[in-house]
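I opened this model to look up how one chain is built overall and how a pair of helices packs in another. My entries follow the display.

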Number of protein chains: 2
Amino acid sequence: MAKVAVLITDLFEDSEYTEPAKAFKGAGHDLMHLGTKNGSELVKGKKENTPVTIDKNINEVEPGQFDALLIPGGYSPDKLRAKQEPVQFVKEFMEAGKPVFSICHGAQLLISADALKGRKATGWKSIAQDIKNAGAEYLDQEVVIDGNLVTSRQPDDLPAFIKASLNKLNQ
Amino acid sequence: MAKVAVLITDLFEDSEYTEPAKAFKGAGHDLMHLGTKNGSELVKGKKENTPVTIDKNINEVEPGQFDALLIPGGYSPDKLRAKQEPVQFVKEFMEAGKPVFSICHGAQLLISADALKGRKATGWKSIAQDIKNAGAEYLDQEVVIDGNLVTSRQPDDLPAFIKASLNKLNQ
């Protein structure tokens, strides 16, 4: 059983949270929902207003407490990367080489953490240029697995994203 | 009187459209609202649902028809940069050296158009790293004027942004 940190705030892409979360829990893994809001506060999805309860403010935890990190897309990553703490959390996670699962706009946090240099990655097409400019090789495919890093482009890619992420969690 | 193209779609930052639009019109300039939606379709702002009627699909016009370009922020630029035509429009506008006024997330379109190399620019703090990675010098100030390009960070910067933009329109 892995402890998975979920970095999330308002305007996340609903399915990019709900589907991996369901699959990870179904496989016996624990999720902790972190963000810039405080514990017990609600954040909501962009399309369906899916409510998610934040477990802890990211200020209250350390990357060392978790085995893996999930970053759903939508506009949640744009909001999170405007603050220092989520960016630093992602940076430390990537430096530790622990599994990181990022879909859609999730890669915006990897860019702000300067964690894509020399890596293979993908993300939503609107940020393709940002991913390339950050020093990554952008691959237009449903899932890109590069060491600890699993990235996908969009909700349609969820089956491949979840399968690759579960493989990392079960290693 | 200048003809100003406004590149806009849903989830724009309301005040970053309404305030420059009011000031430009008040000074006698004409605005044409362009995007990936068709003429007479409505787009709406992110915070206040401000309705804006699209005049023409960007496919129907050429940069040569306009004297200047306004790019409001919010999540509108992220949506527009996912398609080829708005990016190409911005690229041609910048190559022609005509005045371009970009605030907040507007710079995302400049990045996708590969139009920031060697330029001084600013934008909303969440995209500061993207602006730097695109080859620009990012300046954390209310307005940055670099040749034809006027950029600002956020709604608080609107007075300085509008003043600098009007100066360009009246040159």
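These entries take the whole-chain values first and the helix pair afterwards.

Before anything else I noted that this is a predicted model, in which local features need pLDDT of at least 70, side-chain atom pairs count only at pLDDT 80 or more, and totals for chains, interfaces and linings use all residues. Residues are numbered from 1 along each chain as its sequence is written, while chains are lettered from A and ligands numbered from 1 in the order in which they are written.

**Chain A.** I looked up the secondary structure and found six helices and eleven strands in chain A, taken as DSSP runs numbered from the N terminus (helices H or I, at least four residues; strands E, at least two). The C-alpha trace of chain A spans about 40 × 35 × 30 Å along its principal axes. Of its 171 residues, 53% count as buried, that is, with 20 or more other C-beta atoms, placed from the backbone, within 10 Å of their own.

**Helix pair in chain B.** I then turned to α1(B), residues 14-26, and α6(B), residues 158-169, which pack at an angle of about 40° with their axes 10 Å apart; the axes are lines fitted to C-alpha atoms over the stretch in contact, and angles run from 0 to 180 degrees between N-to-C directions. I entered α1(B) as oblique to α6(B), because angles under 35 degrees count as roughly parallel, over 145 as roughly antiparallel, 65 to 115 as roughly perpendicular and the rest as oblique.

Notes. Buried ≥ 20, exposed ≤ 12 C-beta atoms within 10 Å, placed from the backbone.
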